[in-house]
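Hi,

Here is the structure I promised to pass on, with my notes on it underneath. Have a look at the model before you read on, and tell me what you think.

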Amino acid sequence: MGLLNLVMLAAALVAQAAELPPPFPRPGTTKLLENDAVAVWNVSWLKQKYPLHTHRYDLVGISYAEGDRIITQGEGPGRLVPTKAWVFQTNRAGVTHVEEGASDLPMRAVLIEVKSAAPGETRADPPDGLRQVVGAPAWENNRAAAWLVMGGSSAPMHRHVGDAVELIFDGSSPEATFVPAGTVHAGPAPGAGARAYIFEIK
């Protein structure tokens, strides 16, 4: 295949992806919050096949109920993806695929779409930043870092170097709070038997 044909094929694939719907909203999904920086979704993979879709944004999050999915990408066969609770989830902008819930009790997760196209400038951690006050994150990639706060405890006073999303899981519907960069505060403070995650966006 010549270079011109490859360029034309790539352009056609980009145009096709742009015409496909985003992953959310869809059945089994509730929006927890949205602003110019993030959209946060409470997602259940119901036992059904969802339409072919393209992720518009990089995505980070955490599962909170185990379950199975079938993910089909391109012309290949679908792959069964079992997921336990409290496993970090990621996806990349531009990924096009089909998802299908495959367990009677659906997998559930809170997923954060990061609306910036790329990470911002690297910022030095201040003395009261999360890394200095709380310690190393429980998980990290190039778009976010996440800290776990177990029930009955509280994150001490700290400063956010980037925008952050705090998630609290207490057995009912998850709660999400947006915290702008530069905020100095304590918490979250999940109750006994609950847990919280702080996702700081890069």
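Five strands make up an open sheet in this predicted model, in the order β10-β11-β16-β13-β14, with antiparallel pairing. Its edge strands are β10 (139-140) and β14 (175-179), each of which pairs on one side only. Strands here are DSSP runs of E with at least two residues, numbered from the N terminus, and two of them pair if DSSP finds at least two bridges between them.

A word on conventions. Residue numbers start from 1 along each chain as its sequence is written. Because the model is predicted, local features need pLDDT of at least 70 and side-chain atom pairs count only at pLDDT 80 or more, while totals for chains, interfaces and linings use all residues; side-chain values use heavy atoms, with hydrogens and water left out.

Starting at the β10 edge, 2 bridges join β10 to the antiparallel β11, and Glu 140 has Ala 145 in β11 as its bridge partner. The loop between these two strands holds Arg 143. Is Arg 143 buried or exposed? Arg 143 is buried, at a relative accessible area of 1%; buried means under 20% relative accessible area, exposed over 50%, and partly exposed in between (1.4 Å probe, protein chains only). Leaving aside residues up to four places away in sequence, Arg 143 touches, among others, Asp 58, Arg 92, Pro 119 and Glu 200. Contact means heavy atoms within 4.5 Å.

Towards the other edge, β13 is mostly covered, with 5 of its 6 residues buried. β13 pairs with β16 in the antiparallel sense over 6 bridges, and with β14, also antiparallel, over 5 bridges. Ala 164 takes part in both pairings: Glu 200 stands opposite it in β16, and Val 179 is its bridge partner in β14. β13 and β14 form a hairpin with 5 residues between them, and Gly 171 in the turn has a positive phi of about 95°.

Now for the interior. The largest nonpolar core (buried Ala, Val, Leu, Ile, Met, Phe, Trp, Tyr and Cys residues joined through side-chain atoms within 4.5 Å) has 18 residues, and among those touching the most other members are Val 38, Ile 112, Leu 167 and Phe 199. The strands that each supply at least two residues of this core include β2 (38-44), β9 (108-114), β13 (164-169) and β16 (195-201). With residues up to four places away in sequence not counted, the contacts of Ile 112 include Val 40, Val 60, Val 165 and Phe 199.

Best wishes

Notes:
Helix = DSSP H or I, 4+ residues; strand = E, 2+ residues; numbered from the N terminus.
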